[in-house]
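Q: I've got this one open on my screen and would like a close look at a single part of it. Pick a stretch where side chains can be discussed, and fit it into the rest of the chain for me.

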Amino acid sequence: MSQANAAARKRRAGGASIQDGVAPVQNSQPQPPKSGLTLPQVISLVDKRLITLETFMRESHNGASTSVSLSTSASTSASTSVSENAVNQLADEFNSKFEILAQEVADLKDIVLKLQTFTMDVNKTLFEERIQVLSDMGENKDGGIDFYISDNDEIIDEIIDDKKEK
């Protein structure tokens with residue numbers, strides 16, 4: 001704790017050393033030697049492993065290339081035909097998926113058009129029926145149509161009878 005106080009005083013004093021008269025407390029136990037590697041040792045070990053791995057890869061690649069160089073022309077034509085077949089298969093798959101999507105879009109368009117046509121037909125029918133109902137009710141003297149709403153059916157019947165007499 002006295003070390004923390006001393007450090008705080010140094011910071012306040014701008015780095016000047018202030019003697020406290022109290023000796024810093026030291027651990028009575030000696031620190032055991034570290035058994036781990038130092039940073040330079042770790043870097044050199046990783047470097048050696050990388051060099052070994054790169055050497056192994058070069059040797060295996062060179063050994064494989066000498067055995068392959070004997071049949072280079074046969075393998076080149078075979079790999080070309082295999083890659084062309086793979087490309088053709090992918091193109092066919094994309095083409096079939098595109099055709100399916102195009103057909104689905106066309107079907108959706110037809111459905112929307114049919115729905116629109118049906119809605120327009122229903123609206124036309126309702127409009128024609130409204131015109132028919134209004135023309136059947138007849139016009140009053142002012143050129144308008146009289147509408148009567150009542151909870152009592154007898155009053156409506158009387159009104160209808162009055163209209164018929166006129």
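A: Reading from the N terminus, the chain goes α-α-α-α, so to speak a helix-only layout: four helices and zero strands. Keep in mind that this is a predicted model. Let's zoom in on helix α2, which covers residues 39–69.

Start with the greasy side of things. L50 lies in helix α2, and L50 also belongs to a nonpolar patch on the surface, together with L37, V42, L45 and V46. Between them, those five residues offer about 410 Å² of accessible area. L50 itself has 44% relative accessibility, so it counts as partly exposed. For the wider setting, buried residues make up just 1% of the 166 residues in the chain. The accessible surface of the whole chain is about 15500 Å², and carbon and sulfur atoms account for 59% of that.

Now for the charges on the same helix. R58 forms a salt bridge with E54, and their closest N and O atoms are 4.0 Å apart. As background, side chains of opposite charge can pair when their charged atoms come close. Why do these two line up along the helix? R58 and E54 are four residues apart in helix α2, so about one helical turn separates them. The two partners fall into separate accessibility classes: R58 is exposed because its relative accessible area is 52%, where the cut-off for exposed is over 50%. E54, at 44% relative accessibility, is partly exposed.

It helps to set that pair beside its counterpart, since the structure holds two salt bridges. The other one joins E93 and K97, with 3.2 Å between the closest N and O atoms. E93 and K97 sit in helix α3 (residues 72–137), and here too the spacing is four residues, about one turn of the helix. Both ends of this bridge are partly exposed, E93 at 39% relative accessibility and K97 at 45%.

One last thing before you lean on any of this: confidence. The chain averages a pLDDT of 76, with 60% of the residues scoring at least 70. Helix α3, home of the E93–K97 pair, has the highest mean confidence, at 87. The lowest belongs to helix α4 (residues 153–165), with a mean of 64. Where pLDDT is low, the predicted coordinates should not be read in detail.

Terms used. Residues numbered from 1 in each chain as written. Predicted model: local features only at pLDDT ≥ 70, side-chain atom pairs only at ≥ 80, totals over all residues. Heavy atoms only, no water. Patch = residues over 30% accessible without salt bridge, like charges linked within 9 Å, V, L, I, M, F, W, Y side chains within 5 Å. Areas by Shrake-Rupley, 256 points an atom, 1.4 Å probe, with all protein chains shown as cover. Salt bridge = Lys/Arg side-chain N within 4 Å of Asp/Glu carboxyl O. Buried < 20%, exposed > 50% of the residue type's maximum accessible area, 1.4 Å probe, protein only. pLDDT = per-residue confidence, 0-100.
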